[in-house]
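Student: I am new to this model. Please take me through one part of it, slowly enough to follow on screen.

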Amino acid sequence: LAKTIAAGIQEQFGIDVPTQMLSLKQLEGIVAKNPFIKEKGIDLTKLHVTFLDKAPKAEDVAKIAAGTYDKDRFIVDGTVVYLHCPVDYGHTKLNNTFFEKKLKVGATTRNWRTVNELLRLAQEG
């Protein structure tokens, strides 16, 4: 279905848009497993989730995990990257291009509010 939707967008608008689909159970798991929400005093408006189109190779994850990114932090969990950007996502090095290039995967990022809204909509189904 994701390929069909991507093909329809390409046909209708002439743009190539990577498309992903998650089940309700997958989305619930992603929201429940965010390690940053368990931290005391975390500002939820500074959280993001990057969805990867496939699991990256462990050695690629290890390479980026060894780096420093100012105050920004991330945790790769399978096909999901949990991000905490305490200053501003608009100025982080940890954007889609970074993860796509370094992990050699497709990526799309949503802020925590949007991820939770998608979950709410999926649960209303």
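Which helix and strands do the buried residues of H4 pack against?

Tutor: First, a word on the model. It is predicted, so local features need pLDDT of at least 70 and side-chain atom pairs 80 or more, while totals for chains, interfaces and linings use all residues. Residues count from 1 along each chain as its sequence is written, and side-chain values use heavy atoms, without hydrogens or water.

Now find helix H4, residues 96-103. Helices (H or I, at least four residues) and strands (E, at least two) are DSSP runs, numbered from the N terminus. Three residues of H4 are buried: Phe98, Phe99 and Leu103. Buried means under 20% relative accessible area, exposed over 50%, and partly exposed in between (1.4 Å probe, protein chains only). Those three span an arc of only 90° around the axis, so they sit on the same side of H4. The arc is taken from the directions that run from the helix axis to the C-beta atoms.

Here is your answer. The buried residues of H4 pack against helix H3 (58-65) and against three strands: E1 (47-52), E2 (73-77) and E3 (80-84). Contact here means heavy atoms within 4.5 Å. Now turn to the face of H4 that points away from its buried side. There you meet Thr97 and Lys101, both exposed.

Next, the ends of H4. At the N-terminal end, Asn95 acts as the cap. One of its side-chain oxygens lies 3.2 Å from the backbone nitrogen of Thr97. Just after H4 comes Lys104, with a positive phi of about 60°.

Lys104 leads us to H3. Asp60 lies in that helix. Asp60 counts as buried because its relative accessibility is 5%. Its side chain makes a polar contact with the side chain of Lys104, at 3.1 Å. A polar contact pairs N or O atoms within 3.5 Å; within protein, one must be able to donate a hydrogen and the other to accept it, and residues adjacent in sequence count only through two side-chain atoms. Setting aside neighbours within four places in sequence, Asp60 touches Lys102, Leu103 and Lys104. Leu103 is also one of the buried residues of H4.

Last, look at Ala107 in strand E4. Ala107 is buried too, because its relative accessibility is 10%. Leaving out residues up to four places away in sequence, Ala107 touches Asn96 and Glu100, along with Thr50, Phe51 and Leu52. Ala32 makes a useful distance check: Ala107 is 75 residues from Ala32 in sequence, and their C-alpha atoms are 20 Å apart in space.
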